[in-house]
Amino acid sequence: MNENTNTMPPEEQAENDRDARAEELESTFSYDGYQVVRKELFAHLRDPAIVIRKDSITFNTACITGLEDVVYVHVMFNSDLKRIVVRGCDENDKDALRWCIAKPDKRKSRKMTCKPFSELVYKEMGWDTECRYKMLGYRISFEGETLYVFDLLVPEIFHEGQKRKNGTDQKNAQETKPANTRKGFYPDDIAGTFGVPVEEHLKESEVQQMDGYVSVGMLTGKTIPDTGLD
């Protein structure tokens, strides 16, 4: 009995099978049912971020580096979208805020004391004043400007360290607070899901207009540039 001389080598057969499967997937593919997995669910130590405490805000070094040469910024808040937007500005612009320490050889983040602003944000978001909240920043371009957008609806939450207490108060605090205040967690509606549907993700990713955003100065009544003296 003659052997089949037309038998295809295994490697070539496997490649043909993959090509056929790829064609099948391409012909039937749609985004229906897919969710874009949240970036927050992955390690993001070097990503731009803002940390909001009950009396201050801090932008991390990655944020500062992402807006090259920017020392002063406008911070804007949108109560409908629950977002904070940051854009660079000149030192003498109305409501300009110094967001970093600028030296000849480098720039680094700084704590921006802003208790009135933080209190408004905590009240708006219904946040726990015994926690700090960290949001990742998304760097986008809008009308020729580079902006950071921070979604306050997707916070990583950290319990703040507790001051020393005596007796029963100290015991209760130890029972209700985690020992490691450096370990963050997400709200259940975020931690228990992969992300949002593709179409919703596209809508959330678009900043179509600046209407609805107000500057920190408009929000808190601050009318002079921040001098950087806390």
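## Exercises on a predicted model

Arginine 87 has a relative accessible area of 24%, so it counts as partly exposed. That value comes from a predicted model, and the exercises below work through the same model.

### Exercise 1: A salt bridge between two strands

Find the salt-bridge partner of arginine 87 and work out where each residue of the pair sits.

**Solution.** Start at the side chain of arginine 87: it meets the side chain of glutamate 145 in a salt bridge, at 3.8 Å from N to O. Next, place the two residues: arginine 87 belongs to strand 5 (residues 83-89) and glutamate 145 to strand 11 (residues 145-151). The pair is 58 residues apart and links distant parts of the chain. Finally, check the partner's surroundings: glutamate 145 is partly exposed, because its relative accessibility is 32%.

### Exercise 2: Further salt bridges

How many salt bridges does the structure hold? Describe the one between lysine 94 and aspartate 95, then follow the one made by glutamate 160.

**Solution.** The structure holds six salt bridges. As background, side chains of opposite charge can pair when their charged atoms come close.

Take lysine 94 and aspartate 95: their closest N and O atoms are 3.2 Å apart. Now compare the accessibilities. Lysine 94 reaches 52% and therefore counts as exposed, whereas aspartate 95 has a relative accessible area of 7% and is buried.

Then turn to glutamate 160, whose side chain meets that of arginine 132 in a salt bridge (2.9 Å, N to O). Glutamate 160 lies in the loop between strand 12 (156-159) and helix 4 (167-176), while arginine 132 lies in strand 10 (residues 131-142), so this pair ties together parts that are 28 residues apart in sequence. Arginine 132 is buried, with a relative accessible area of 13%. One step remains: salt bridges that share partners join Arg53, Arg132 and Glu160 into one network.

### Exercise 3: The two sides of helix 3

Which residues of helix 3 (residues 115-125) are buried, and why do they line one face of the helix?

**Solution.** List the buried residues: Phe117, Ser118, Val121, Tyr122 and Met125. Looking down the axis of helix 3, these buried residues fall within an arc of 130°, and therefore they line one face of the helix. The general pattern helps here: an α-helix has 3.6 residues a turn, so residues three or four places apart point the same way. Now look at the other side of helix 3, where Pro116 and Lys123 are exposed. To finish, step just past the helix: glycine 126 takes a positive phi of about 70°.

### Exercise 4: Serine 109 and its contacts

Is serine 109 buried, partly exposed or exposed? Determine what surrounds this residue once its sequence neighbours are set aside.

**Solution.** Begin with its position: serine 109 lies in strand 8 (residues 107-109). Its relative accessibility is 23%, so serine 109 counts as partly exposed. Then leave out neighbours within four places in sequence; the contacts of serine 109 are Thr58, Phe59, Asn60, Thr61, Ile64, Trp99 and Ile101. Among these, Phe59 deserves a second look: its backbone oxygen lies 3.5 Å from a polar atom of the serine 109 side chain. Last, consider threonine 65, which is 44 residues from serine 109 along the chain; their C-alpha atoms are separated by 9.4 Å.

### Exercise 5: Proline 197 and a nonpolar patch

Locate proline 197 and name its contacts beyond four places in sequence. Then say which residues make the nonpolar surface patch of about 410 Å².

**Solution.** Proline 197 lies in strand 13 (residues 195-197) and is partly exposed because its relative accessibility is 38%. Beyond its neighbours within four places in sequence, proline 197 is in contact with Tyr34 and Gln35. The C-alpha atoms of proline 197 and valine 37 are separated by 9.0 Å, although these residues are 160 apart along the chain.

Valine 37 leads on to the patch, which is made by Val37, Leu41, Phe42 and Phe194. Of these, leucine 41 lies in the loop between strand 1 (35-37) and strand 2 (49-53). With a relative accessibility of 36%, leucine 41 counts as partly exposed.

### Exercise 6: The whole chain

How many helices and strands are there in the protein chain, and what share of its residues counts as buried?

**Solution.** Count the elements: there are seven helices and 14 strands. For burial, 35% of the 230 residues count as buried. For contacts with a separation of 6 or more, residues 24 or more positions apart account for 70%. As for the surface, the chain exposes about 15500 Å², of which carbon and sulfur atoms supply 49%.

Key: Residues numbered from 1 in each chain as written. Predicted model: local features only at pLDDT ≥ 70, side-chain atom pairs only at ≥ 80, totals over all residues. Heavy atoms only, no water. Buried < 20%, exposed > 50% of the residue type's maximum accessible area, 1.4 Å probe, protein only. Contact = heavy atoms within 4.5 Å. Polar contact = N/O pair within 3.5 Å; in protein donor to acceptor, adjacent residues only side chain to side chain. Patch = residues over 30% accessible without salt bridge, like charges linked within 9 Å, V, L, I, M, F, W, Y side chains within 5 Å. Areas by Shrake-Rupley, 256 points an atom, 1.4 Å probe, with all protein chains shown as cover. Salt bridge = Lys/Arg side-chain N within 4 Å of Asp/Glu carboxyl O. Arc of directions from axis to C-beta.
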